[in-house]
Amino acid sequence: MSASADAILETRGLDAAYGPTQVLQALDLTVPRGGIVTLLGANGAGKTTALRAICNMMVRCAGEIHFAGQRIDGRATEDIVRLGIGHVPDGRGTFVSLTVEENLRLGAYTRRDREVAQDFERVYGYFPRLKERYRQQAGTLSGGEQQMLAISRALMLRPKLLLLDEPSFGLAPLIVQEIFRILRAINQQEGTSMLLVEQNASIALELADQAYLLETGRIIMAGPSRVISSDESVRRAYLGY
Amino acid sequence: MQAFLHQVLSGLANGGIYASVALALVMIYQATHHVNFAQGEMAMFSTYVCWLLLQAGVPYWVAFILTLGFAFAAGVAIERIIVRPVEQAPVLTVVAVFIGLLLIINSLAGWLFSYTIKAFPSPFPSDAWYGSPFMSPHEVGMIFVTMVVLALVFFFFRFTPLGLAMRAAAQNPVSSRLVGIRVGWMLAIGWGLAGLIGSVAGMMAAPIVYLDPYMMTGILLYGFAAALVGGIDNAWGAVLGGFTVGVLENVAGAYVVGTELKLTVALAIIIGVLVIRPSGLFGRVLVTRV
């Protein structure tokens, strides 16, 4: 089966396992070019594993992964990243003892063009608070600022696709709203496609156009966010009303 | 007073060598959390390579640069071929590999070059203008060379993209892959740099301790003591520890324990640090800075 032309990312029958423990089973997932897709599910459903599987990171996989028209499954993480996938991992993964500026410079590590300086201003435009703290060690930032830094670092790559692993995790509601507002702005202004993993289903469904529901490693429901969020059982299980 | 000053200054000169060895140990420790026991032997072997080049009539500084190149390549090769397969192995396995490496390099040097002690030339003439009653020209030159090397290393880590990527890879390999850094190669380059820094120590020490396959045994102990004094995960601390140990060793050797028991100073420092302050002087304050 060939990948459809309007999809930036497509997985076909993607299995993933940690050692002998099977976590994902036959995952079929499509992220349209320029679209935002969210992957919802309870703790342990395999959401984080799905993102790791796409980047071939810490997990053993089988199945096909197509990105921007090429097969990427089985390639090394650093090569997949270089194709234009910015991964904002769970726990944020900032370099805590390096400064904000050094973190961002590392984000642009693979780029050799002259527009990197310009991109510093671009991400500082989205997150002005990082500019105020550019000399500070990342570990001294607040949780929200670290999340902003993690997203900014991924943006420095000029990714075609952003993988976001629970950007709302552990943050105050106001900060979460601010970050999701900025994610929407990034999507609209730069056309960056996004695959968003969330436990906070209501805010994720608000941002995303499409949603997949994951339960113990399988997709049990998929469709436009509007349809999913009005589904009776989803509302009761994930939205709490 | 003059004699005391002489002991302190020549201690500083030796300290430069210990600082280089300590820095090499710390670099590998930061990236892999292992102490490379073969660090000294790698330096010794490189010094033999320099000796071979000198025997072949190559001018000193050309031989020096070529040796740096050899030491770097050898470090990279050792990481790729020997260390990499045991990357995920338990600590004891890795320790066994490093000790094996130490013995192999040592025996290889003995087999190739014999165990006979050889004189090794200093590039600094003994009647040079920078000599003084306090320090011989070689000691002055040695301090100068180690300072230049240390400064270059710090400049490299602080201001170049590759240096930054190496610091990132040592600190957080997972995130480093996610920004496209080839972590495996960063480790290999780290080994290469450690080998290079060690070879400078070897070439600078050889005119004093003479060239033989065991020349680095004592120096590695001092270097290890220096790394512990500064905090095994702190590069600045290692350098400072190197100079501290150099002075302590010389002064204690001259006034307290006598020259025969000098090496016990290193052992006493190692035990003292581990008992009183295992994190070293700077281990906590600047933990992950390079």
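In which sense do strand β3 and strand β9 of chain A pair, and over how many bridges? In this predicted model, strand β3 (residues 36–41) and strand β9 (residues 210–215) of chain A run in the parallel sense, and five bridges link them. One of the residues involved is A:G41, whose bridge partner in β9(A) is A:L214.

This pair belongs to a wider arrangement. Six strands of chain A make up an open sheet, and following the strands across gives the order β6-β7-β8-β3-β9-β10. The pairing in this sheet is mixed. Its edges are taken by β6 (85–88) and β10 (218–224) of chain A. Each of these edge strands has a single partner, so one side of each is left without a neighbour in the sheet. From one strand to the next, the twist averages 15°. Helix α1 (residues 47–54) of chain A packs on this sheet, where it touches β3, β6, β7 (161–165), β8 (193–198) and β9 of chain A. The direction of α1(A) makes about 145° with that of β7(A).

Chain A also holds an open sheet of four strands, in the order β2-β1-β4-β5, and here the pairing is antiparallel. At the edges stand β2 (21–32) and β5 (70–71) of chain A; each has a single partner strand, so one side of each is left without a neighbour in the sheet. Where does α1(A) touch this sheet? The helix packs on it through contacts with β1 (7–18), β2 and β4 of chain A, and its direction makes about 70° with that of β2(A).

The links within the four-stranded sheet can be followed strand by strand. β1(A) and β4(A) run antiparallel and are joined by seven bridges; among the residues concerned, A:D15 has A:A62 in β4(A) as its bridge partner. Strand β4 (residues 60–67) of chain A is in turn joined to β5(A) by two bridges, again with the strands running antiparallel. Here A:F67 finds its bridge partner, A:Q70, in β5(A). β4(A) and β5(A) form a hairpin with two residues between them, and A:A68 in the turn has a positive phi of about 45°.

Is α1(A), the helix that packs on both sheets, enclosed or open to the outside? Eight of its eight residues are buried, so α1(A) is largely enclosed by the rest of the structure. The buried residues include A:K47 and A:R52 as well as A:L51 and A:I54. After the helix comes A:N56, which has a positive phi, near 50°.

Turning to chain B, a helix pair can be picked out. The axes of helix α2 (residues 39–55) and helix α4 (residues 91–113) of chain B come within 9 Å and cross at roughly 20°. α2(B) and α4(B) are therefore roughly parallel to each other, and the crossing is left-handed. On the α2(B) side, the residues that meet α4(B) are B:E41, B:M42, B:M44, B:F45 and B:Y48. Their counterparts in α4(B) are B:L102, B:I105, B:N106, B:A109 and B:F113. By character, the residues of this contact divide into eight nonpolar, one polar and one charged.

Within this helix pair, B:M44 deserves a closer look. B:M44 lies in helix α2 of chain B. With 29 other C-beta atoms within 10 Å, B:M44 is buried, because 20 or more is the count that a buried residue needs. Beyond its neighbours within four places in sequence, B:M44 is in contact with B:A109, B:G202, B:P213, B:M215 and B:M216. What separates B:M44 and B:T217 in sequence and in space? They are 173 residues apart in sequence and 9.3 Å apart in space, C-alpha to C-alpha.

Finally, the two chains touch each other. The contact takes 19 residues from chain A and 17 residues from chain B. On the side of chain B, the elements giving two or more residues are α6 (161–171) and α7 (173–178). The largest share of that side, six residues, comes from α6(B). The residues of chain B that touch chain A divide into eight nonpolar, five polar and four charged.

Key
Residues are numbered from 1 along each chain as its sequence is written. Chains are lettered from A and ligands numbered from 1 in the order in which they are written. This is a predicted model: local features need pLDDT of at least 70, side-chain atom pairs count only at pLDDT 80 or more; totals for chains, interfaces and linings use all residues. Axes are lines fitted to C-alpha atoms, for helices over the stretch in contact, and angles run from 0 to 180 degrees between N-to-C directions. Angles under 35 degrees count as roughly parallel, over 145 as roughly antiparallel, 65 to 115 as roughly perpendicular and the rest as oblique. A crossing is left-handed if the near helix is turned anticlockwise from the far one by less than a right angle, and right-handed if clockwise. Two residues are in contact if their C-beta atoms, placed from the backbone, lie within 7 Å. Ala, Val, Leu, Ile, Met, Phe, Trp, Tyr, Cys and Pro count as nonpolar, Asp, Glu, Lys and Arg as charged, and the others, Gly among them, as polar. Two strands pair if DSSP finds at least two bridges between them. A residue is buried if 20 or more other C-beta atoms lie within 10 Å of its own, exposed if 12 or fewer, and partly exposed in between; C-beta atoms are placed from the backbone.
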